[in-house]
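Hi,

Here is the structure I promised to pass on to you. Have a look at it first, and my notes on what turned up follow below.

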Amino acid sequence: MTNQSKIPGEKIAALEEYLPGNNTFDDGEVIRATTIGSVQFDTNERLASIKSDNPTQIAKIGDIVIGVVEANLPSMIAVSIKFINGKKTKANVECICVTRHLRKKNIALAQDVVKAEIISHINGTLHGKIDSPECGVLFTKCRKCFGTVVKMRDAVKCKDCTWIDDRKLSSDFGKSDFLE
Ligand SMILES: [Zn+2]
């Protein structure tokens, strides 16, 4: 009687047998699902619950996320999160990283791939930071010609037009396996 997939509204148990648990409601007679997922019966607590198949993944404080820079503002960057602790996420939740104290001209450009640490979750907005050595830009391109760049100390140099630009680079910059 476990791991049966249910759809919202579908009956999962009788009220005299179980109490409504997570992702369920009772209609006065039976307990029904409010989300798609698998049924879980807790016989000790007499709870019937639905474990959602695709919970919206929200990064937690301390999580390491990898995402794409959506907006590059003078004092912050907005990052669309693609990976949480190395696991792919489809939710596309954004996190805001304040960058004004980092003292670089071009912290990260729009469309750069960056690694950040989640530091707070306030009023539904995730905040991250890219200060630590492992955090920062993992992948970027030349600001002038969009060519391939290589690391030069804590800056990047374009292989095509030789333009040198600063970035807040991750210590993982240039590693091809940063998504593993
Ligand atoms: Zn270039």
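Val79 is a good place to begin in this predicted model. Setting aside neighbours within four places in sequence, Val79 is in contact with Gly67, Val68, Val69 and Glu70. The list of contacts for Val79 goes on with Glu94, Cys95, Cys97, Val114, Ala116 and Gly128.

Val79 also belongs to the largest nonpolar core, which has 24 residues. Val79 is among those with the most contacts inside this core, together with Ala59, Val65, Ile81, Cys95, Val114 and Ala116. Which elements give two or more residues to this core? They are strand 8 (64–72), strand 9 (76–84), strand 11 (94–98), strand 12 and strand 14 (136–139). There is a second, separate core of eight residues, and Ala13, Val39, Ala48 and Ile50 are included in it.

Strand 12 covers residues 113–122, and Ile118 lies in it. Is Ile118 buried or exposed? Ile118 counts as buried because it has 22 C-beta neighbours inside 10 Å, and the cut-off for buried is 20 or more. Beyond four places in sequence, Ile118 is in contact with Ala59, Lys60, Ile61, Gly62, Asp63 and Val65, and also with Cys95, Leu126 and Gly128. Ser170 is 52 residues from Ile118 along the chain, and their C-alpha atoms are separated by 15 Å.

Finally, the overall layout: the chain is divided into domain 1 (5–52) and domain 2 (64–166). The C-alpha centres of these two domains lie 43 Å apart.

Happy to talk it through whenever suits you.

Best wishes

Methods. Residues numbered from 1 in each chain as written. Predicted model: local features only at pLDDT ≥ 70, side-chain atom pairs only at ≥ 80, totals over all residues. Domains from an automatic or database assignment. Helix = DSSP H or I, 4+ residues; strand = E, 2+ residues; numbered from the N terminus. Buried ≥ 20, exposed ≤ 12 C-beta atoms within 10 Å, placed from the backbone. Contact = placed C-beta atoms within 7 Å. Core = buried A, V, L, I, M, F, W, Y, C linked by C-beta atoms within 7 Å.
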